[in-house]
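This report describes how the helices, strands and loops of one protein are arranged, together with the surroundings of a ligand. The sequence and structure come first.

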Amino acid sequence: MADPETLIEDNAVVIGDGFIEVSYDDLIPNNVDLSSDRQLLRALEKWQPEYIDWWKEMGPDGFQTSDVYLRTAVGVDPAGWAKFGHVKMPDYRWGILLAPEVEGRTIPFGKHKGQPVWKEVPAEYRSLLRRLIVVQGDTEPASVEQQRYLGKTAPSLYDMRNLFQVNVEEGRHLWAMVYLLVKHFGRDGREEAQALLERRSGHEDNPRILGAFNEATPDWLSFFMFTYFTDRDGKMQLASLAESGFDPLSRSCRFMLTEEAHHMFVGETGIGRTIEATCAAMKQAGITDPYDATRIRALGVIDLPLIQRKANFHMSVTRDLFGSEISGNAAAAFSAGLKGRFGEARLEGDDHQLENDTYAVTRVTDGKLVDEATPALRAINARLLDDYITDCQTGIERWNRAIAKAGLDFRLTQPHKGFNRRIGEFAGQFITPEGDLVGEDVWSARKDQFLPTAADMAFIDSLMQPCHAPGEYASWIAPPRSGINHQPVDYEYVRID
Ligand code: BYC
Ligand code: FE
Ligand code: FE
């Protein structure tokens, strides 16, 4: 798989071909003409040092004075959006960048379909829209907080740099949402911007808003699972918000999506390289049984069934991020034209208003799982979850091809939609990965086959030995096929001071 980070050409297609001047002179790189709006500029310049304080307190632990080979976006055009060079993270230039305006764009769905898009917040939808922006914004710093200790155990400088690249970009995503709040929501927007720096992942009294963002990301396998599965929720949600009739949100999300591709690349190749190391070590030792965990673990690699259990955990927790399958909130956001479906403007076969359509939602009825025709408007979340599950499959197939090529009899699979859920239709049910509705006793007896155990996590933790010399890679992960931006794999991606 090619690294989307350097596929400027592809990204240019996503962004559009407009060219917008970036004001390099301002403290905050931007293409939104910040300098002409003194009030907004002042509000952001006030927020910026507090952001830096948050970054130093809750961002990567250590390495803040190291030079990191980062990509900085200073513009949305191909020439400006991917500048590579060594920078210290606190000096990273977090910019505010919107994809170019699409001339004559109209609201693609909902009650206002066909009307010109809004450049300002429609008064009747103010609080609904603010809530969506706040929830989106809250996930961004949350992920940085979750990943803050990983630098110390990086399996290579290449991986460490990718972690920090993801971290600074999630920081920029926070900037993107804060810009919208401060510019378009007046005083309460400024208050929300403040609160985004105050909530803390996993905090008892002031946690992040959504469940998965309060889970720990304690090791690198968790990080790769997170970037493959949870950043992909980011992709799906951003894509839905990119359809928004509120044009500044749409344009903001369209640019964020170009960065998201790299986060998922880090996850897909990270898990892929982990699998590669396992298969190679098994082959060398002449082990053919993927379930022979004792012998496989003795080789310093992660057994495939454990990778499946880890994936089961991350998939189920991430599926909860889609909210209830049947949701009045989602119906309201769709009807209002604020949040669409995945690929809304390109979807064929319905009127994009969905007043008279139905969508099949899997539900538990009379102790059975049944697909039930549900009013499509209320099933917006269910549909996005289904689209997400489909979207997850490509990487899984790629991993399986590598396992098959190594001659091993093992396949990674996605568990049933209802497996291990806390939110929505399946909350409170006991459903196996195969999709069997069972009692709590059966679930408890078999849980250790489905989800990582404390012993599994301790084993993974034992592998997290830092490899911080150029070209060095930990035993449990294969080196990448190629380096970043045409640099070699043994390049000094982070100059640890
Ligand atoms: N945990 O009707 P419901 C990303 C709340 S990831 C806790 O079921 P709705 C990223 C819900 O807030 C993408 N609470 O669902 C990835 C509501 O509370 P209120 C983030 C939950 O509202 C990696 C109540 O339950 N972006 O970018 O249709 C690294 C009933 O809600 C959860 C977005 O999510 C949960 N899992 O949908 C970095 C897009 N689920 O309001 C970044 C914006 C639901 O009654 N957000 N609740 O107090 C949304 O579109 C919607 O808020 C949700 C929820 C899809 C999240
Ligand atoms: Fe993000
Ligand atoms: Fe991301």
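The paragraphs below take up the nonpolar core, the strands, the ligand shell and a few individual loop residues in turn.

The coordinates are those of a predicted model, and every value in this report is computed from them. The largest nonpolar core has 124 residues, and those with the most contacts inside it are I133, V178, L181 and M225. Helix α4, which covers residues 157–184, gives the most to this core, with 16 residues. For V178, leaving aside residues up to four places away in sequence, the residues touched are W47, G137, A193 and L196.

Helix α4 also bears on the strands, since α4 lies across β1 and β5 and runs at about 50° to β1. Strands β1 and β5 belong to an open sheet of three strands, whose order is β2-β1-β5 and whose pairing is antiparallel. At the edges of this sheet stand β2 (83–88) and β5 (494–495); each has a single partner strand, so one side of each is left without a neighbour in the sheet. Strands of a sheet pair, in general, through backbone hydrogen bonds, and they may do so in either a parallel or an antiparallel manner.

Strand β1, made up of residues 67–72, is joined to β2 by six bridges, the two strands running antiparallel. On the other side of the pairing, two bridges join β1 to β5, and these strands likewise run antiparallel. A separate pair is formed by β3 (residues 358–365) and β4 (residues 368–375), which run antiparallel and are joined by eight bridges. The table sets out individual bridge partners from these pairings.

| Residue | Bridge partner | Strand of the partner |
|---|---|---|
| L70 | G85 | β2 |
| T72 | K83 | β2 |
| V68 | V494 | β5 |
| Y359 | T374 | β4 |

How far is strand β1 enclosed by the rest of the structure? Five of the six residues of β1 are buried, so the strand is largely enclosed by the rest of the structure. T72, which lies in strand β1, can be examined in more detail. Because 21 other C-beta atoms lie within 10 Å of its own, and 20 or more are needed for a residue to count as buried, T72 is buried. Apart from residues up to four places away in sequence, T72 touches K83, Y92 and R93, and K83 is also the bridge partner of T72 in β2. T72 and G85 are 13 residues apart in sequence, while in space their C-alpha atoms are 8.2 Å apart; G85, for its part, is the bridge partner of L70.

The ligand gives a further view of how the helices are placed. Ligand 1 is surrounded by 25 residues, of which the closest are G234, G323, S324, S327 and N329. Three helices, α3 (126–146), α6 (220–242) and α10 (328–335), each supply at least two residues of the shell around ligand 1, and α3 gives the most, with six residues. By character, the residues of this shell divide into seven nonpolar, twelve polar and six charged.

Several residues stand out for their backbone angles. Most residues other than glycine have a negative phi. D33, in the loop between α1 (8–15) and α2 (38–58), has a positive phi near 55°. N420 also has a positive phi near 55° and is found in the loop between α11 (380–405) and α12 (440–450). Are D33 and N420 buried, partly exposed or exposed? With 13 C-beta neighbours inside 10 Å, D33 counts as partly exposed, whereas N420, with 23 C-beta neighbours inside 10 Å, counts as buried. A positive phi, near 50°, is also taken by D366 in the hairpin of β3 and β4, which has two residues between the strands.

A last loop residue to consider is R346, which is found between α10 and β3. R346 is exposed, because 8 other C-beta atoms lie within 10 Å of its own and a residue with 12 or fewer counts as exposed. R346 and Q165 are 181 residues apart in sequence, and their C-alpha atoms are 31 Å apart in space.

Note on methods: Residues are numbered from 1 along each chain as its sequence is written. Chains are lettered from A and ligands numbered from 1 in the order in which they are written. This is a predicted model: local features need pLDDT of at least 70, side-chain atom pairs count only at pLDDT 80 or more; totals for chains, interfaces and linings use all residues. A nonpolar core is a set of buried Ala, Val, Leu, Ile, Met, Phe, Trp, Tyr and Cys residues joined through C-beta atoms within 7 Å. Helices (H or I, at least four residues) and strands (E, at least two) are DSSP runs, numbered from the N terminus. Two residues are in contact if their C-beta atoms, placed from the backbone, lie within 7 Å. Two strands pair if DSSP finds at least two bridges between them. Axes are lines fitted to C-alpha atoms, for helices over the stretch in contact, and angles run from 0 to 180 degrees between N-to-C directions. A residue is near a molecule or strand if its C-beta atom, placed from the backbone, lies within 6 Å of it. Ala, Val, Leu, Ile, Met, Phe, Trp, Tyr, Cys and Pro count as nonpolar, Asp, Glu, Lys and Arg as charged, and the others, Gly among them, as polar.
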